[in-house]
Amino acid sequence: METLLLVILSLIVLTEVGLRLFYGFGTPLIYIEDSEIGYLLAPNQKTRRFGNRIEINQYSMRTKPIAIERDSKTHRILLLGDSIANGGWWTDQADTLSSRLERLLEASTTFQQIEVLNASANSWCPRNELAYLQRFGTFNSQLLILLINTDDLFGTHPTSLPVGRDRNYPKRKPPLALIEVFTRYVLKEKPIPEMTAIRNETGDRVGFNLEAISKIQNIINQNNGQLLLAMTPLLREVATSPLDYELKARLRLSEFTQLSQITYIDFLPIFNSQDQPQALYQDTIHLNSQGNQLVCEVLARSVLG
């Protein structure tokens, strides 16, 4: 009996160690609630998930620690976005859009020094991103790249409800990797009843998000910077075409950027010009390494003029 217990205990320990070493379970990224932004990645985190390194700095960016004041020799770009900009657990720190873009711009020799900061979090929309800027400022960035996807045009009011209640937004680390695996893949997640009202938000959501983009433009202009807006399509849009309500929202965005004199890159025609645009995707929304590289090359050309 004692031998059997020792064997079982040994298997549990080995499984726990293996889950931590090879998959990064037990050390998920932690989120914090925020009354205005909704939620943020907790500052000063480092972890590794499925072999990919993830680092969050003191300003909740997926970027190494930075000085808030920009060095006079440095050209600083602030990339602001959602999980596409962030890269999530499936993207190594070196392969995020911000890291790739920084390397491309360094290779151009146009700038003496270059920094591309990455302020982003899963499911943010322009209303969350505006609140982040209002809280932290532009970090003296000469250029702000606002990267959205089609769904972001319909994003709802920022809320902190998912933090600690949705398994994708934990607010503390689990005591064991085994517990994280069980709660994530075995245990049925309880819905958050209050989220129904958030998802059913009434009013002109597209208009609310366009207004947020306008306010983002005002903030960067007041800080002597420029705004570049870019939008990536959903996989469904390149596989078939946008739905009617998406086409209307896209038209509103295009007219808005022209009226506001915002430099705008629509990646839908760019993706559709590729031989196999579906091959750019990790899933139905997020880009894979090939997709990230294409986006960075287009952004780099725009930055370099």
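Here are three short exercises with worked solutions on this predicted model.

Residues are numbered from 1 along each chain as its sequence is written. Local features need pLDDT of at least 70 and side-chain atom pairs count only at pLDDT 80 or more, while totals for chains, interfaces and linings use all residues; side-chain values use heavy atoms, without hydrogens and water.

**Exercise 1.** Work out whether Glu 180 is buried or exposed, and what its side chain reaches.

*Solution.* Start with the helix: Glu 180 belongs to H5, residues 177-186 (helices are DSSP runs of H or I, at least four residues, and strands are runs of E, at least two, numbered from the N terminus). Next, take the relative accessible area of Glu 180, which is 5%. That makes Glu 180 buried (buried is under 20%, exposed over 50%, partly exposed in between, with a 1.4 Å probe and protein chains only). Finally, the Glu 180 side chain reaches the backbone nitrogen of Gly 26 at 2.5 Å.

**Exercise 2.** Find which residue 139 places away along the chain pairs with Ile 32, and at what C-alpha separation.

*Solution.* Locate Ile 32 in strand S1, residues 31-34. The partner is Lys 171, with the two C-alpha atoms 6.1 Å apart. To finish, check accessibility: at 32%, Ile 32 is partly exposed.

**Exercise 3.** Compare the span of H7 with its expected value.

*Solution.* Helix H7 covers residues 205-222, 18 in number. The expected span is 1.5 Å times one less than the number of residues, giving 26 Å for H7. From first C-alpha to last, H7 reaches 26 Å, close to that expectation. Just past H7, Asn 224 has a positive phi of about 60°.

Conventions: Polar contact = N/O pair within 3.5 Å; in protein donor to acceptor, adjacent residues only side chain to side chain.
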